[in-house]
Amino acid sequence: MKASGRSIVYFQQDFPNLTETFVRAEIEELYKRDYPVKVLCLRANRELLAQCSFSEIVHEVPVATTAQDLLRAMVDGAKALEPRYFHTPWATEAGR
């Protein structure tokens, strides 16, 4: 079991994806070093996620029909992960 405690939560639009391999590598390295890292994404790529050694730390936000519902789902999802820090490498819908 990985280290417990408050986590570093990465907000991602789509995760993982083929054009952001550095993000995947960064998260994988933190995971290997037992940092309490988690990923909260709007869309999980199931095919690529199956190739990750850390798929259990990836959490997908439920589909929402309005911006307000999406925001509430992201806030609730983030709270459930008990974050200490938030990180997003891009200014995307997830990062906003």
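Contact here means heavy atoms within 4.5 Å. Helices (H or I, at least four residues) and strands (E, at least two) are DSSP runs, numbered from the N terminus. The structure is a predicted model, in which local features need pLDDT of at least 70, side-chain atom pairs count only at pLDDT 80 or more, and totals for chains, interfaces and linings use all residues. Residues are numbered from 1 along each chain as its sequence is written, and side-chain values use heavy atoms, with hydrogens and water left out.

A good place to begin is the sheet. It is open, with 4 strands in the order 3-2-1-4 and parallel pairing (two strands pair if DSSP finds at least two bridges between them). Strand 3 (58-60) and strand 4 stand at the edges with a single partner strand each, so one side of each has no neighbour in the sheet. From one strand to the next, the twist averages 30°.

Strand 1 (residues 7-15) has 8 of its 9 residues buried, so it is largely enclosed by the rest of the structure (buried means under 20% relative accessible area, exposed over 50%, partly exposed in between, with a 1.4 Å probe and protein chains only). To strand 4 (residues 83-87) it is joined by 4 bridges; here S7 stands opposite P83, and I8 has Y85 as its bridge partner. Another 7 bridges join strand 1 to strand 2 (residues 37-44), where V9 is partnered by K38.

Helix 1 lies across strand 1, strand 2 and strand 4, at about 150° to strand 1. Helix 3 (residues 67-80) also lies across strand 1, strand 2 and strand 4, running at about 155° to strand 2. For these angles, axes are lines fitted to C-alpha atoms, for helices over the stretch in contact, and values run from 0 to 180 degrees between N-to-C directions.
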